[in-house]
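Q: I would like to take a close look at one part of this protein and then see how that part fits into the rest. Please take me through it step by step, as I am new to reading structures.

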Amino acid sequence: MTPLGHALSFLGLKEDPAIPNGGEPARLFNGGEAKAWCAAFLAEVFALAGIPLPGKRWMLPSVDYMERLLRDNGAWWPVAELEIGKLPRAGDLVFFDRRLDSDSARGGRHVGMVISYDPKRRRLETVEGNVGNAVRRQFRSLTGITGFARWEGKQS
């Protein structure tokens with residue numbers, strides 16, 4: 001199964017409301033630790049697909065760390081490259097400069113996975129972890145996006 005297939009299989013998985021960032025997602029994606037889990041969720045779906053993201057597994061829950069490693073491995077491109085035809089496709093990662101859900105007042109960065117991109121409407125459909133305390137399908141404009149990454153395994 002692809003990373004996107006694995007990500008979609010978790011749709012609807014929710015946190016334990018008594019433990020912020022806790023419960024089943026923390027057990028599955030953060031080794032039981034109650035901490036933000038959008039990046040940990042995506043690192044896990046790539047690992048499940050047999051194409052783990054680069055870097056130290058215990059550090060991948062950091063969006064900044066994940067983005068930096070993908071940049072260093074030639075897999076990342078800025079949102080400005082959409083204008084020259086470098087378009088995201090299903091399974092690509094999308095990086096945001098901030099959290100975009102109801103918890104955005106807490107700050108921090110966010111990352112999701114592209115399901116589809118509509119260039120005419122400049123709109124993404126994504127699957128994201130830790131949105132409204134669950135794995136959810138979202139529709140996003142390009143506002144707040146820093147870039148994308150396409151990871152197909154070790155880069156040349």
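Is Asn30 buried or exposed, and what is its relative accessible area?

A: Asn30 is buried, because its relative accessible area is 6%, and a residue counts as buried when that value is under 20%. Please keep in mind throughout that this is a predicted model.

To place the residue, begin with the chain around it: Asn30 sits in the loop between α2 and α3. If we leave aside residues up to four places away in sequence, Asn30 touches Pro25, Lys35, Ala36, Trp37, Ala40 and Pro61. Asn30 also belongs to the surroundings of the largest pocket, which holds about 160 Å³ of space. Of the 13 residues that line this pocket, Asn30 is one of those closest to its centre, together with Phe29, Arg57, Trp58 and Pro61. The elements that give two or more residues to the lining are α2 (24–29) and α3, and it is α3 that gives the most, with three residues.

From the pocket we can follow α3 (residues 38–48) into the rest of the fold, since this helix lies across β2, β3 (110–118), β4 (123–131) and β5, running at about 65 degrees to β3. A second helix, α4 (residues 63–72), lies across β1, β2, β3 and β6, and its direction makes an angle of about 125 degrees with β2. In α4 the residues Val63, Tyr65, Met66, Glu67, Leu69 and Leu70 are buried, and the buried residues of this helix pack against α3, β1, β2, β3 and β6. A general point helps in reading such a list: an α-helix has 3.6 residues a turn, so residues three or four places apart point the same way. Just after α4, Gly74 takes a positive phi of about 70 degrees.

The sheet that these helices lie across can be described next. Six strands form an open sheet in the order β1-β6-β2-β3-β4-β5, with antiparallel pairing. The strands β1 (76–78) and β5 (134–141) stand at the edges with a single partner strand each, so one side of each is left without a neighbour in the sheet. On average, and with direction ignored, neighbouring strands of this sheet are turned by 35 degrees against each other. Looking at single pairs, β2 (residues 93–96) and β6 (residues 145–149) run antiparallel and are joined by four bridges, with Leu93 standing opposite Ala149 in β6. At the other pair to consider, β4 and β5 are matched in the antiparallel sense over seven bridges, and here Arg123 has Ser141 in β5 as its bridge partner.

What lies between helices and sheet is easier to grasp with one general remark in mind: in soluble globular proteins, nonpolar side chains tend to be buried together. In this model the largest nonpolar core has 32 residues, and those with the most contacts inside it are Met66, Leu70 and Leu93. At least two residues of this core come from each of α1 (3–9), α3, α4, β2 and β3, and the largest share, eight residues, comes from α3. Met66 shows how these parts meet, for it touches Ala39, Ala43, Leu53, Leu60, Leu93, Phe95 and Val111, not counting residues up to four places away in sequence. Apart from this core lies another, of ten residues, among them Val114, Leu124, Leu142 and Ile145.

It is useful, finally, to set Asn30 beside two other asparagines and a glycine that are also found in loops. Asn21 is in the loop between α1 and α2, and with 10% relative accessibility it counts as buried; its phi is positive, about 60 degrees, although it is not a glycine. Asn133 lies in the loop between β4 and β5, where at 30% relative accessibility it counts as partly exposed, and its phi, near 65 degrees, is again a positive value in a residue other than glycine. Gly132 has its place in the loop between β4 and β5 and is partly exposed, with a relative accessible area of 29%. The hairpin of β4 and β5 has two residues between the strands, and in it Gly132 takes a positive phi near 60 degrees. To return to where we began, Asn30 is buried at 6% relative accessible area, in the loop that leads from α2 to α3.

Definitions and conventions:
Residues are numbered from 1 along each chain as its sequence is written. This is a predicted model: local features need pLDDT of at least 70, side-chain atom pairs count only at pLDDT 80 or more; totals for chains, interfaces and linings use all residues. Side-chain values use heavy atoms; hydrogens and water are left out. Two strands pair if DSSP finds at least two bridges between them. Axes are lines fitted to C-alpha atoms, for helices over the stretch in contact, and angles run from 0 to 180 degrees between N-to-C directions. Contact means heavy atoms within 4.5 Å. A nonpolar core is a set of buried Ala, Val, Leu, Ile, Met, Phe, Trp, Tyr and Cys residues joined through side-chain atoms within 4.5 Å. Buried means under 20% relative accessible area, exposed over 50%, partly exposed in between (1.4 Å probe, protein chains only). On a 1 Å grid over the protein atoms alone, a cavity is a set of points where a 1.4 Å probe fits but cannot get out, and a pocket is an open set with protein on both sides within 12 Å along at least five of seven lines; lining residues have an atom within 4 Å of a point. Grid points are joined across faces, edges and corners, and a volume is the space filled by probe spheres set on the points.
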